[in-house]
Amino acid sequence: MSMIDLSRLIYDGMPKIPALPDVHVQRFFDLGKGHPLNVTEINLPCHAGTHVDAPVHIVPDGKSIEELSLDAFIGPGAVISVQKGGGEEVTAADLEGSGVGVDRGDILMLHTGWDEKFESEEYNMHPYLSVDAAEWIVEHGVKLFGIDCITVDLPTPLRPKGFDFPVHRTLLGNDVLIAENVTNLSAIAGRKSRIMALPLKVQGSDAAHARIVAEV
């Protein structure tokens, strides 16, 4: 068995959705400045970097991240690879025709390769899930869906006024958790794996950062 890291490094000024506050990673105490020890301070929104969304992110009475069972974050892994351009949707037909078997209780990851564009402007104009793809995921009993893009929904630059996040609504409204900004999925594409996406235990939070790993 070996472990493969599917998580983003957290660092000062890292890319995030434009509407969110900036990420800051800095030394609060510093040996080099005469302090008795090093202490790092982190300030970052829960939806920057690799994280897991809880239902309360969009469902008013949904569960928050610390209310979810640990079983929700661990399970057999399935990876579907697609080739899509920026702003192109991934449909139910793409998922169904992938040749990848998806069973109830699986953690399903979508590999688009967009993680390679993380530090470029292109990262904000990514492939995204269609609503019928989200419905396919619900129908197949997936418990957590992950993507190597900044969001599962329509890219921010393409959203019309009043956009209501239909993919988040479909998945989280049916208790399918969402992991975003996943990376390195090419390492487990086509391989059987066990995925662990354990989030930080943040009281009342709509999301939390997670060290997502695959055991292969």
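**Exercise 1. Place strand 11 in its sheet.**

Task: Find how many residues of strand 11 (residues 193–199) are buried, and which strands pair with strand 11.

Solution. Start with burial: five of the seven residues of strand 11 are buried, which leaves the strand mostly covered. Here buried means under 20% relative accessible area, exposed means over 50%, and partly exposed lies in between (1.4 Å probe, protein chains only). Helices (H or I, at least four residues) and strands (E, at least two) are DSSP runs, numbered from the N terminus.

A word on the model before going on: it is predicted, so local features need pLDDT of at least 70 and side-chain atom pairs count only at pLDDT 80 or more, while totals for chains, interfaces and linings use all residues. Residues are numbered from 1 along each chain as its sequence is written, and side-chain values use heavy atoms, with hydrogens and water left out.

Next, look at the partners. Two strands pair if DSSP finds at least two bridges between them. Strand 5 and strand 11 run antiparallel and are joined by four bridges; Pro-76 stands opposite Arg-194 of strand 11. Strand 12 (residues 207–215) also runs antiparallel to strand 11, with six bridges. Across that pairing, Pro-199 has Ala-210 of strand 12 as its bridge partner, and Arg-194 faces Glu-215 of strand 12.

**Exercise 2. Follow one residue of strand 11.**

Task: Is Ile-195 buried or exposed, and which residues does Ile-195 contact beyond four places in sequence?

Solution. Begin by locating Ile-195, which belongs to strand 11. Its relative accessibility is 0%, so Ile-195 counts as buried.

Then list the contacts, meaning heavy atoms within 4.5 Å. With neighbours within four places in sequence set aside, Ile-195 touches Phe-73, Ile-74, Gly-75, Gly-77, Ile-107, Met-109, Ile-188, Ile-212, Val-213 and Ala-214. Finally, check a long-range distance: Ile-195 and Ile-4 are 191 residues apart along the chain, and their C-alpha atoms are separated by 9.4 Å.

**Exercise 3. Map the surroundings of strand 12.**

Task: Work out why strand 12 is described as largely enclosed, and how many bridges join it to strand 1 and to strand 4.

Solution. Seven of the nine residues of strand 12 are buried, so the rest of the structure largely encloses it. Now trace the pairings. Strand 1 (residues 3–5) is joined antiparallel to strand 12 by three bridges, with Met-3 opposite Glu-215. Strand 4 (residues 51–53) is likewise antiparallel to strand 12, through three bridges; there Val-52 has Ala-208 as its bridge partner.

**Exercise 4. Take the largest core apart.**

Task: Which residues of the largest nonpolar core touch the most other members, and which helix gives the most to this core?

Solution. A nonpolar core is a set of buried Ala, Val, Leu, Ile, Met, Phe, Trp, Tyr and Cys residues joined through side-chain atoms within 4.5 Å. The largest one has 33 residues, and Leu-108, Leu-110, Leu-129, Ile-137, Phe-145 and Leu-171 touch the most other members. At least two residues each come from strand 5 (74–81), helix 1 (92–96), strand 7 (107–111), helix 2 (131–139), strand 9 (144–147) and helix 3 (166–172). Helix 2 gives the most, with four residues. A second, separate core has 24 residues, including Ile-4, Val-182, Leu-185 and Ile-212.

Now turn to helix 2 itself. Its buried residues are Ala-133, Ala-134, Trp-136 and Ile-137. They cover an arc of only 155 degrees around the axis, which places them on the same side of helix 2; the arc is that of the directions from the helix axis to the C-beta atoms. After helix 2 comes Gly-141, with a positive phi near 75 degrees.

**Exercise 5. Classify the aromatic neighbours.**

Task: What kind of pair do Phe-118 and Tyr-123 form, and which charged residue lies over the face of Phe-118?

Solution. Rings of Phe, Tyr and Trp (its six-membered ring) pair if their centres lie within 6.5 Å; planes under 30 degrees apart count as stacked, over 60 as edge-to-face and the rest as tilted. The structure holds three such pairs. For Phe-118 and Tyr-123, the centres are 5.0 Å apart and the planes at 75 degrees, so the pair is edge-to-face. Phe-118 is buried at 4% relative accessibility, and Tyr-123 is buried at 1%. Phe-163 and Phe-165 are also edge-to-face, at 5.0 Å centre to centre and 65 degrees between the planes.

For the charge, apply this criterion: NZ of Lys or CZ of Arg within 6 Å of the ring centre and within 35 degrees of the ring normal. Arg-8 lies over the face of Phe-118, 4.0 Å from the ring centre.
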